[in-house]
Amino acid sequence: RHPTDMSPTDASACPHAAAARRRVADLARTVQPHPTAAEVAGVGEVYVYQESLKKCRDDLRAFIDEANCHPILLRLAWHDAGTFDNTIGKWPQCGGANGSIRFDVEMNHGANAGLKKALTYLEPFKERYPNLSWADLIQLAGATAVECAGGPKMYMRYGRVDATGPEECPKEGNLPDAEPPYHDGADPDASTHLRRIFYRMGFDDREIVALSGAHTIGRAFKERSGVSQFGYGEREATKFSGRGCPVAGGVSKQAGCPAAHVARADNKHGIGMPGGQPWTKSWLAFDNAYFKKEYTEDPELLWMSTDKALHTDPGFKPHFDLYASDEKAFHRDFAAAFVKLSECGARLRPINGIKINEDPPRRMVWRG
């Protein structure tokens, strides 16, 4: 008999009818409701935002290449996101990547000394791309800086909502101290301090070591952190952080010597502002040199107590040693940890975020 002539009992016993029901059910699962007008508008908004992110990233690449400002842009991104406290369930009071570092009350935290310069670098980009949030612009600049220095490409999500005023800034003291007393003396040693800071954000020992590898680029200045005796300018530079002639002692009148030290990953000359003390010789190259402890070869390289903890603490040391021997492992783990850091405390709109290199999803879920 034809299935349509069967009773419900007969049809349930018919394998053809059962297969038909399964096919109908499978088709039903693939059918999406017709999008609402608001959802169509939302997809268009995402596309425009994506295009702004792409253009801004291209402009940032050109600017970073000219200004050699990779480290300070990475530090700005790190310090905006690194205030996150996962014990606070309310946004934006929890801190994190919400752009609050642009307000003076937070910028004036001791750990942020010198970062006003990085914010000034980004102000023209914010004017050029006003639809981008400050939180997104800061994290985009940090990720782009790493890539321009030869580091890993990071598949970030964007759409961060900004904190709206200084009253929404986190309290001071959420970022790690470089030297004791740690946490005003509450943490007895560097390892305890690092774990208290990073565990609060949801990171484990491997991620702590990977993120600390950001010190493979950049310098410390006595005018900012106070952990270095080297400061601003050619006469305050190390042999690795000045523009001067190594034969003439790096004095200013010899600046621009073609034999000057090269710090960039592409072996081009250029360091930006001279001065300060780097952790590595090639401090504009995002490689694994930090884990090779180059400071043991030259006293003009920086090494702090928190750096030392990474290769003396038994929980940190295996990861430190791995990255010293395997740059790909460092790049892989840093990229994953940095993407995670960049979303700490972030409120994304739409809630699944926006990726630069992907087409907007057909249906978006929006949150205010």
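The largest nonpolar core in this predicted model has 78 residues, and the residues with the most contacts inside that core are Leu122 and Phe338. A second core, separate from the largest one, consists of six residues, among them Phe240, Ile271, Trp283 and Leu284. In soluble globular proteins, nonpolar side chains tend to be buried together. The points below turn from these cores to the chain as a whole, and then to two residues of one loop.

**Nonpolar cores**
- Phe338, which together with Leu122 has the most contacts inside the 78-residue core, is in contact with Leu74, Ala77, Gln139, Gly142, Ala143, Met154, Met156 and Leu211, once its neighbours within four places in sequence are left aside.

**The chain as a whole**
- The secondary structure of the protein chain comprises 12 helices and two strands, and in sequence order the elements follow the pattern α-α-α-α-α-α-α-α-α-β-β-α-α-α.
- Of the 368 residues in the protein chain, 51% are buried.
- The protein chain has an accessible surface of about 17,100 Å², and carbon and sulfur atoms account for 54% of that area.
- When contacts in the protein chain between residues at least 6 apart in sequence are considered, 69% of them join residues that are at least 24 apart.

**Ala289 in the loop between β2 and α10**
- Ala289 belongs to the loop that runs between β2 (277–278) and α10 (305–312).
- Is Ala289 buried or exposed? Its relative accessible area is 9%, and Ala289 is therefore buried, since the cut-off for a buried residue is under 20%.
- Apart from neighbours within four places in sequence, Ala289 makes contact with Thr216, Thr280 and Glu294.
- His215 is 74 residues away from Ala289 along the chain, while the C-alpha atoms of these two residues are separated by 9.5 Å.

**Asp287 in the loop between β2 and α10**
- Asp287 likewise lies in the loop between β2 and α10, and a polar atom of the Asp287 side chain is 3.0 Å from the backbone nitrogen of Ala289.
- Which side chain of opposite charge is nearest to Asp287, and how far away is it? That side chain is Lys292, at 8.5 Å, and Asp287 has no salt bridge although it is buried.
- With residues up to four places away in sequence not counted, Asp287 touches Thr216, Glu327, Phe330 and His331; Thr216 also appears among the contacts of Ala289.

How values were computed. Residues numbered from 1 in each chain as written. Predicted model: local features only at pLDDT ≥ 70, side-chain atom pairs only at ≥ 80, totals over all residues. Heavy atoms only, no water. Helix = DSSP H or I, 4+ residues; strand = E, 2+ residues; numbered from the N terminus. Buried < 20%, exposed > 50% of the residue type's maximum accessible area, 1.4 Å probe, protein only. Contact = heavy atoms within 4.5 Å. Areas by Shrake-Rupley, 256 points an atom, 1.4 Å probe, with all protein chains shown as cover. Lys, Arg positive; Asp, Glu negative; His and termini not counted. Salt bridge = Lys/Arg side-chain N within 4 Å of Asp/Glu carboxyl O. Polar contact = N/O pair within 3.5 Å; in protein donor to acceptor, adjacent residues only side chain to side chain. Core = buried A, V, L, I, M, F, W, Y, C linked by side-chain atoms within 4.5 Å.
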